[in-house]
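This report describes a protein model for a reader who has not met it before. Please keep the sequence and the structure in view while reading.

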Amino acid sequence: MENKVYVFEGKTTNEAIEKGLKELKLPKNKVDIKVLEQEDKRSFFSILAPRVVKVEMTVKEGAKETVSSNIMKEIKKDNIERKSIDMTTVQANVENFLKEFISKLPTSNINYTISSESNNLLIDINGEDTGYLIGYRGEVLNSIQNVITNIANKGNKDKIKVMLNIGGYREKREKDLENLAMKIAASVVKTGKSITLEPMTAYERKIIHTKLQSNDKVTTYSVGEEPYRKLVVALNK
């Protein structure tokens with residue numbers, strides 16, 4: 001059976017390795033380490049960009065069971081923590097906000113649905129003329145989502161993740177980003193030059209990263225700090 005391979009990032013090689021060992025909960029002698037991006041591989045044009053070093057870790061035979069055991073422990077721990085949150089109360093608080101919020105909108109015939117799954121709260125808003133609730137590339141939508149997230153997490157020790165969708169925007173945006181990912185990857189392969197995209201949310205960066213994950217000709221990584229963090233698509237050397 002093929003050994004499991006993991007990739008970790010850091011500002012230095014040691015930081016990336018330490019991060020990987022900590023996440024896998026394994027000693028260094030239980031993994032094979034390969035540096036994918038050296039610290040000195042920096043061009044003149046990237047000298048001001050935050051340093052990103054990637055290392056590949058392959059779990060050795062005999063250590064797989066340890067990794068699986070550690071993962072199961074984390075899952076059990078996570079499930080115990082999730083039980084401490086009263087999602088019924090959280091959902092009621094969010095619904096009270098939505099009722100008041102929608103009642104003050106300039107358009108009518110707007111409805112919403114709320115559903116929860118573990119610590120995730122899914123909200124879908126639909127109706128006529130909801131474009132102004134989305135804004136340019138989802139800026140207004142993301143702002144509303146942040147407000148709802150703060151309401152949902154008020155008084156809760158564990159974080160609740162809120163995903164807001166308005167007028168099917170998320171599906172449309174996901175399709176656009178996947179198409180963009182393919183075009184950018186083709187350009188990088190053709191020219192051999194890396195392309196840095198405009199700042200995106202973690203959710204949007206993940207869509208592009210996931211789309212290109214199976215493309216062995218390019219690699220993706222993020223640079224900068226939120227909310228101006230950007231995704232870089234580079235040639236996989």
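An open sheet of three strands has the order β1-β3-β2, with antiparallel pairing. Its edge strands are β1 (5-10) and β2 (31-35), each of which pairs on one side only. From one strand to the next, the twist averages 25°. Strands (E, at least two residues) and helices (H or I, at least four) are DSSP runs numbered from the N terminus, and two strands count as paired if DSSP finds at least two bridges between them. Six bridges pair β1 with strand β3 (residues 53-59) in the antiparallel sense; within this pairing, Gly10 has Val53 of β3 as its bridge partner. Helix α1 (residues 13-24) lies across β1, β2 and β3.

The model is predicted: local features need pLDDT of at least 70, and side-chain atom pairs count only at pLDDT 80 or more, whereas totals for chains, interfaces and linings use all residues. Residues are numbered from 1 along each chain as its sequence is written, and side-chain values use heavy atoms, with hydrogens and water left out.

Strand β4 (residues 110-117) pairs with strand β5 (residues 120-127) in the antiparallel sense over eight bridges. Ser115 has Leu122 in β5 as its bridge partner. The hairpin of β4 and β5 has two residues between the strands, and Ser118 there takes a positive phi near 55°.

Another open sheet of three strands follows the order β7-β9-β8, and its pairing is antiparallel. Here β7 (195-196) and β8 (218-223) are the edge strands, each pairing on one side only. Helix α6 (residues 169-191) packs on this sheet and touches β7, β8 and β9, where contact means heavy atoms within 4.5 Å. Two bridges join β7 to β9 (residues 230-235), the two strands running antiparallel, and Thr196 stands opposite Val232 in β9. Helix α7 (residues 202-212) lies across β8 and β9.

The table gives helix directions relative to a strand; axes are lines fitted to C-alpha atoms, for helices over the stretch in contact, and angles run from 0 to 180 degrees between N-to-C directions.

| Helix | Strand | Angle |
|---|---|---|
| α1 (residues 13-24) | β3 | about 35° |
| α6 (residues 169-191) | β9 | about 40° |
| α7 (residues 202-212) | β9 | about 20° |

The second largest pocket has a volume of about 860 Å³. On a 1 Å grid over the protein atoms alone, a pocket is an open set of points with protein on both sides within 12 Å along at least five of seven lines, and lining residues have an atom within 4 Å of a point. A volume is the space filled by probe spheres set on the points, which are joined across faces, edges and corners. Of the 25 lining residues, Asn142, Met200, Thr201, Ala202 and Tyr203 lie nearest the centre of this pocket. Two or more lining residues come from each of α5 (139-153), β6 (161-166), α6 and α7, and α5 gives the largest share, five residues.

Five salt bridges are found in the whole structure, each being a side-chain nitrogen of Lys or Arg within 4 Å of a carboxyl oxygen of Asp or Glu. One joins the side chains of Glu198 and Arg137 (2.1 Å, N to O). This pair links distant parts of the chain, 61 residues apart: Glu198 belongs to the loop between β7 and α7, and Arg137 to the loop between α4 (131-134) and α5.

Methods:
1 Å grid on protein atoms, 1.4 Å probe; cavity = no way out; pocket = protein on both sides within 12 Å on 5 of 7 lines; lining within 4 Å.
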